[in-house]
Amino acid sequence: MRDKREGTPIWDFCEGHHKEGNKDTDRHYRMLSFLNPIINTFKQQDWLTVGDGLGREAIFLKKQKVKKVECSNIWFSDFNKKEISKRVDSCQEIDILNIDKSISTDLTLAKECLHHLNRPIYGLYNLLDISSHGLIFIEPHDTRCQNKRNEFTLMPSREDSFLLSSGDRDEWESCGNYKYNFSVREACKLAWALEFPHVLLKGFNDAFGDLYNPPKEGENDLNKFKEYVERCEYLDDLGRQNKRPYNMIICCILKKELTPEQREGVGDFLIIDKPK
């Protein structure tokens, strides 16, 4: 199936992308599972997913019993929109960089989409504007940025590194931008400048390596995924020991004060409160 406007392949909804046991779905569900403490704490709120052309994040949220979930992307094939709409509360086309300010939600989830924009900071502000409770994004973290004091491996030392483009040729995208990498320090500065009370953080590793290479003789997808998880868990353990920075971050910029129950409910997320 091809997008006639762009001449590029469209991943069809029915190609197993929502079937457990599919290594691609299992990989992304593993990443989304780190959100469970946040989801459980805010499942009564309305959620919007952006850059979610396959509906993967929205359908995951519905599986976690979130009360209301709306899925969005800049464009859907007719087939995908029809199939996704069966599984979530609504589905619509939203351009993050030209967003209709009449759109509103409680929480917005942006998984690995901001770094593909040519103006990601502008997109981030737009999403914060339409989200009454806050914005959650899952994005690559530049592991070449190190905190000299090594207090928290998500925190880089460079002062201009909220968005870093490596400049490497393999980071360039045909849509006209580099794939940006996000840092925590500048996310906090953004939140404090807007007078928001909290930033919640969690790091993890996505070491997909050769997960998508054809299986070797005697190997199957289940074995490859098991090796992938073992590698990720090994790197996550190094991250918890501050021996190696995580290559992915979950950042939740909250616009409302957490209640004591909510603070307890978010589990092992690091809560950074706005300085007094």
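The legends below describe close-up views of a predicted model.

**View 1. Overall make-up of the chain.**
The chain contains 8 helices and 14 strands. Of its 276 residues, 52% are buried. Among the contacts in the chain with a separation of 6 or more, 68% are between residues 24 or more positions apart.

**View 2. An open sheet of 8 strands with mixed pairing.**
The strand order is β5-β4-β3-β6-β7-β13-β12-β14. The edges are formed by β5 (90–93) and β14 (270–273); each has a single partner strand, so one side of each is left without a neighbour in the sheet. From one strand to the next, the twist averages 20°. Strands of a sheet pair through backbone hydrogen bonds, and the pairing can be parallel or antiparallel. Both senses appear in this sheet: β4 and β5 pair in the parallel sense, whereas β12 and β13 run antiparallel.

**View 3. Helix α1 on the sheet.**
Helix α1 spans residues 23–33 and packs on the sheet. The strands touched by α1 are β6 (105–111), β7, β12 and β13. The direction of the helix makes about 135° with that of β6.

**View 4. The β4 to β5 edge and its crossover.**
Strand β4 covers residues 68–73 and is joined to β5 by 4 bridges in the parallel sense. One bridge pair consists of Ser72 and its partner Gln92 in β5. Between the two strands the chain passes through helix α4 (residues 78–85), and this β-α-β crossover is right-handed.

**View 5. Strand β13 and its two partners.**
On one side, β13 (residues 248–254) is joined to β12 (residues 198–204) by 7 bridges, and the two strands run antiparallel. Bridge partners across this pair include His198 with Leu254 and Lys202 with Ile250. Strand β7 is also joined to β13 by 7 bridges, again with the strands antiparallel. In that pairing, Leu135 stands opposite Ile253 of β13.

**View 6. Side chains of β13.**
In a regular strand the side chains alternate between the two faces of the sheet. In β13, Met248, Ile250, Cys252 and Leu254 point one way, and Ile249, Cys251 and Ile253 point the other way. The residues of both groups are buried. With 7 of its 7 residues buried, β13 is largely enclosed by the rest of the structure.

**View 7. The aromatic pair Phe137 and Phe182.**
The structure holds 5 aromatic pairs. In the pair of Phe137 and Phe182, the ring centres are 5.3 Å apart and the planes are at 45°, so the pair is tilted. Because Phe137 belongs to strand β7 (residues 131–140) and Phe182 to strand β11 (residues 181–182), the pair ties together parts that are 45 residues apart in sequence. Phe137 is buried at 0% relative accessibility. Phe182 is buried as well, with a relative accessible area of 1%.

**View 8. Surroundings of Pro140.**
Pro140 is in strand β7 and is buried, with a relative accessible area of 16%. Leaving aside neighbours within four places in sequence, the contacts of Pro140 are His115, Asn181, Phe182, Asn247 and Met248. Phe182 is the β11 residue of the aromatic pair shown in View 7, and Met248 is one of the buried residues of β13 shown in View 6. The C-alpha atom of Pro140 is 9.9 Å from that of Lys111, which lies 29 residues away along the chain.

**View 9. Cysteines without disulfides.**
A disulfide is a covalent bond between the sulfur atoms of two cysteines. The structure holds 0 disulfides. For Cys71, the closest cysteine sulfur is in Cys91 at 4.5 Å, which is too far for a bond. Cys71 is buried, at 0% relative accessibility. Cys188 is in no disulfide either, and the nearest cysteine sulfur, that of Cys251, is 6.6 Å away. Cys188 counts as buried at 6% relative accessibility. Cys251 is also buried, and points from β13 the same way as Ile249 and Ile253.

Terms used
Residues numbered from 1 in each chain as written. Predicted model: local features only at pLDDT ≥ 70, side-chain atom pairs only at ≥ 80, totals over all residues. Heavy atoms only, no water. Phe/Tyr/Trp six-rings, centres within 6.5 Å; stacked < 30°, edge-to-face > 60°. Buried < 20%, exposed > 50% of the residue type's maximum accessible area, 1.4 Å probe, protein only. Disulfide = S-S within 2.5 Å. Pairing = 2+ DSSP bridges. Axes fitted to C-alpha atoms, helices over the stretch in contact; angles between N-to-C directions. Contact = heavy atoms within 4.5 Å. Right-handed = clockwise from strand over helix to strand, strands pointing away.
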